[in-house]
Amino acid sequence: MKKVLAVFITIILIGLIGINVLSVKPQKVLLVGRLMGFEIDNQNSNIKSGETIATSSKKIGTVTFVRKDTNEFVALGHSTAKDVNKKTRVEGTCYDIKLEGINKGTKEETGNIIACVDNKKEIGNIYYDSACGIFGEVTNLKGEYEEVTTANWYNVRKGKANILIALNSNTLKSYEVEIIGLNYINKNRNIKIKVTDKELIEQTGGIVQGMSGAPLMQNGKLIGAVNYVTVKDPEIAYAVFIDKLL
């Protein structure tokens, strides 16, 4: 009886999620995958020019995409604070950064990106924080970015995919991953991935803190944003469905 009830509840939850997400039509957005420093004012953050910042304090993340017509951006793939379940109005600023190094992830310790932020080089403002990422507007984001189409959650399949991020320069690079699990109920850990790209594993160990927000692509479409790495296994990580960021 308990199993039947559990299945029934699961079906209802999937149905509710489906009704909510099905209303989101695929959209064309600019693929970014660029690291940024950020400060949210109401969290009493204080980033000084030239200060070295690490992802353990959540001062660095990755811009997933920008809307071409409005310059709105989405980044990070998860909240900057705990227990945020819906969009919360915040005030914040995004900054350009200079990569200084990468602490490679291992099975003993989660890795992270180390960067230097320049608060004289603002690239945008943050307006909202949510369980699925931070939202704002870019005002000074330089570079040429490819326009891609988003895919709905029900188009995502297990198998080969790619994450894209500019680690060593402003050039966006693609790295191979394998989608090994799908979760339609969790609020933001929807796509389980395993890093298979030898170059990325050699460089970072897999997914490290600071790569949150990295775009996840499959069959030429944007399907999600990387947002969590598995503790003690940097090759296993999670991403949120891109539908939840539109």
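Okay, so Trp153 and Phe241: both of them are buried. For Trp153 the relative accessible area is 12%, and with the cut-off for buried at under 20%, that's why Trp153 makes the list. Bear in mind as I go that this is a predicted model.

How far apart are the ring centres of Trp153 and Phe241, and how are the planes set? The centres are 6.5 Å apart with the planes at 50°, so we call that pair tilted. In sequence the two residues are 88 apart, Trp153 being in the loop between E8 and E9 and Phe241 in strand E14.

Trp153 has another partner, Tyr184. Now, Tyr184 is partly exposed, at 28% relative accessibility. Here the ring centres are 5.1 Å apart and the planes sit at 65°, so this one is edge-to-face. Again the pair links distant parts of the chain, 31 residues apart: Trp153 is in that loop between strand E8 (147-149) and strand E9 (159-165), and Tyr184 is in the loop between E10 and strand E11 (191-195).

Put Tyr154 in with these and you get one aromatic cluster: Trp153, Tyr154, Tyr184 and Phe241. In total the count is four aromatic pairs.

While we're on rings, let's look at arginines. Which residue lies over the face of Tyr128? That's Arg89, at 5.3 Å from the ring centre. And Arg189 lies over the face of Tyr238, 5.9 Å from the ring centre there.

Right, on to charge pairs. Side chains of opposite charge can pair when their charged atoms come close. How many salt bridges does a search of the whole structure find? Five, and I'll walk you through some of them.

Start with Arg34 and Asp96, whose side chains meet at 2.9 Å, N to O. This one links distant parts of the chain, because Arg34 is in strand E1 (residues 28-40) and Asp96 is in strand E5 (residues 88-103), 62 residues apart. Is Arg34 buried or exposed? Buried, with a relative accessible area of 10%. Asp96, on the other hand, is partly exposed at 21%.

Next up, Lys107 and Asp233. The side chains meet in a salt bridge at 3.6 Å, N to O. Lys107 is in the loop between E5 and strand E6 (112-130), Asp233 is in strand E14 (residues 233-241), and that puts them 126 residues apart. Lys107 is exposed, by the way, with a relative accessible area of 52%.

Then there's Glu199 with Lys173, where the closest N and O atoms are 2.6 Å apart. Glu199 lies in helix H2 (residues 198-204) and Lys173 in strand E10 (residues 173-182), so this bridge ties together parts that are 26 residues apart in sequence. Both ends count as partly exposed: Glu199 has a relative accessible area of 40%, and Lys173 comes in at 35%.

Now have a look at Thr64, over in strand E3 (residues 60-66). Thr64 is buried, with a relative accessible area of 0%. So what does the polar part of that side chain have for company? A polar atom of the Thr64 side chain lies 2.6 Å from the backbone oxygen of Gly213. Leaving out residues up to four places away in sequence, Thr64 touches quite a list, including Leu30, Leu31, Val32, Val74, Leu76, Pro215, Ala225 and Ile242.

Let me zoom out to the protein chain as a whole. The secondary structure comes to two helices and 14 strands. Of the 246 residues, 49% count as buried. And if you take the contacts with a separation of 6 or more, 69% of them are between residues 24 or more positions apart.

Last thing, confidence. The chain averages a pLDDT of 85, and 82% of the residues score at least 70. Where does pLDDT stay under 50? Over residues 54-58, and for that stretch the model has 15 contacts beyond four places in sequence. Where pLDDT is low, the predicted coordinates should not be read in detail.

How values were computed. Residues numbered from 1 in each chain as written. Predicted model: local features only at pLDDT ≥ 70, side-chain atom pairs only at ≥ 80, totals over all residues. Heavy atoms only, no water. Salt bridge = Lys/Arg side-chain N within 4 Å of Asp/Glu carboxyl O. Helix = DSSP H or I, 4+ residues; strand = E, 2+ residues; numbered from the N terminus. Buried < 20%, exposed > 50% of the residue type's maximum accessible area, 1.4 Å probe, protein only. Phe/Tyr/Trp six-rings, centres within 6.5 Å; stacked < 30°, edge-to-face > 60°. Lys NZ or Arg CZ within 6 Å of the ring centre and 35° of its normal. Polar contact = N/O pair within 3.5 Å; in protein donor to acceptor, adjacent residues only side chain to side chain. Contact = heavy atoms within 4.5 Å. pLDDT = per-residue confidence, 0-100.
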